[in-house]
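Colleague: Could you walk me through this one before I set anything up? I would like the overall picture and then the odd spots.

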Amino acid sequence: MFLLVIVFSSMYSFGQETLDASDPNSFIFGGDQGFHFLTMNLLDINLIDVEPEFNNAVSFAIDPSTLEAGEPIFSGAGGAINEDLWLNITSRTNGVATYNAFVSSNQPVPAGFELKVEILNAQSVGGTGITGNAVLGEIIISDTPAVIITGIEKGYTDDGVNKGFQLRYVINNSGGGSLPVGFEIVYELIVQN
């Protein structure tokens, strides 16, 4: 028979446990047993990002077959559309907070531009928990935040493309201008009042 002796010691106490290595039950049920209460205080965690991360820029291509002399670019057939980006969310609350997701621009949208965003799926693709419900219909983006997802509690959408909420951007540019340098679309999670 082989015996394994483990000695636990500290400055103020001494204890010894003898385990019979040939009897697996002694590892689980042998000797003294004890327990400790564990308390963890986790802060609320709320993360939101746009995927794919390596290039989450919104790009619009011009289809020459939709252009007509004398008309502005991106004005015909409902404007230019981009459906390549996905909004991913992770939320951990203390059980009482509910969050909404907001969208805005970091500076005013120039005159002659109309930039709209819409979530194509009412609820998250993938993930688990309560990740909220998309606001139905298009939202005109401005520097004033607008609610795009409501009722976010505890949950996550999974990470990456084809996970979470698919974004559809539409741009109408009747003035033929450009967006200012550094123009960004901002998403944020804010506690619901």
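**A surface patch, then the fold**

Modeller: Let me begin on the outside, bearing in mind that this is a predicted model: L38, M40 and L42 together make a nonpolar surface patch of about 360 Å².

Colleague: Where does L42 lie? And is L42 buried or exposed, or something in between?

Modeller: L42 sits in the loop that links helix 1 (25-29) to strand 3, and with a relative accessibility of 44% this residue counts as partly exposed.

Colleague: OK, zooming out, how many helices and strands are there?

Modeller: The protein has 1 helix and 11 strands, and read from the N terminus the order of elements is β-β-α-β-β-β-β-β-β-β-β-β.

Colleague: What share of the residues is buried, and how much surface is exposed?

Modeller: Of the 193 residues in the protein, 30% are buried, while the exposed surface comes to about 12200 Å², with carbon and sulfur atoms supplying 55% of that area.

Colleague: And what about contacts far apart in sequence?

Modeller: If you take the contacts between residues at least 6 apart in sequence, 77% of them join residues that are at least 24 apart.

Colleague: Let's go inside. Which residues touch the most other members of the largest nonpolar core?

Modeller: That core has 26 residues, and the ones touching the most other members are V117, I148, I149, L167 and Y187. At least two residues of the core come from each of strand 4 (80-92), strand 5 (99-105), strand 6 (113-119), strand 9 (146-156), strand 10 (165-173) and strand 11 (185-191).

Colleague: Take V117, then. What is V117 in contact with, leaving aside neighbours within four places in sequence?

Modeller: With those neighbours set aside, the contacts of V117 include I148, L167 and Y187, which are also named among the core residues touching the most other members. V103, G137, E138, I139, I141, R168 and Y169 are in contact with V117 as well.

Colleague: Why would you call strand 10 largely enclosed?

Modeller: Because 8 of the 9 residues of strand 10 are buried, the rest of the structure largely encloses this strand.

Colleague: Which way do strand 4 and strand 6 run against strand 10, parallel or antiparallel?

Modeller: Strand 4 runs antiparallel to strand 10, with 6 bridges joining them, and strand 6 pairs with strand 10 in the antiparallel sense as well, over 7 bridges. On the strand 4 side, L85 has L167 as its bridge partner in strand 10, and I81 stands opposite V170. V170 in strand 10 also has K116 standing opposite.

Colleague: Which other pairings does strand 4 have?

Modeller: Strand 3 and strand 4 run antiparallel and are joined by 7 bridges, and the bridge partner of L47 in strand 4 is T90. Strand 4 is also joined to strand 9 by 2 bridges, again antiparallel, and there S91 stands opposite G155.

Colleague: What about T93: where is it, and is it buried or exposed?

Modeller: T93 belongs to the loop between strand 4 and strand 5, yet its relative accessibility is 2%, so T93 counts as buried. Apart from neighbours within four places in sequence, T93 is in contact with D44, Y99, E153 and K154.

Colleague: Now the backbone oddities. Which peptide bond is cis?

Modeller: The bond from E51 to P52 is cis, with omega near 5°, and P52 lies in the loop between strand 3 (45-51) and strand 4. For context, most peptide bonds are trans, and most residues other than glycine have a negative phi.

Colleague: So which residues have a positive phi without being glycine?

Modeller: Two that I can point to are D158, where phi is about 75°, and N162, where phi is near 65°. D158 is found in the loop between strand 9 and strand 10, and N162 lies in the loop between strand 9 and strand 10 too.

Colleague: Are those two buried or exposed?

Modeller: D158 is partly exposed, with a relative accessible area of 31%, and N162 is partly exposed with a value of 48%.

Terms used. Residues numbered from 1 in each chain as written. Predicted model: local features only at pLDDT ≥ 70, side-chain atom pairs only at ≥ 80, totals over all residues. Heavy atoms only, no water. Core = buried A, V, L, I, M, F, W, Y, C linked by side-chain atoms within 4.5 Å. Buried < 20%, exposed > 50% of the residue type's maximum accessible area, 1.4 Å probe, protein only. Helix = DSSP H or I, 4+ residues; strand = E, 2+ residues; numbered from the N terminus. Contact = heavy atoms within 4.5 Å. Areas by Shrake-Rupley, 256 points an atom, 1.4 Å probe, with all protein chains shown as cover. Pairing = 2+ DSSP bridges. Patch = residues over 30% accessible without salt bridge, like charges linked within 9 Å, V, L, I, M, F, W, Y side chains within 5 Å. Salt bridge = Lys/Arg side-chain N within 4 Å of Asp/Glu carboxyl O.
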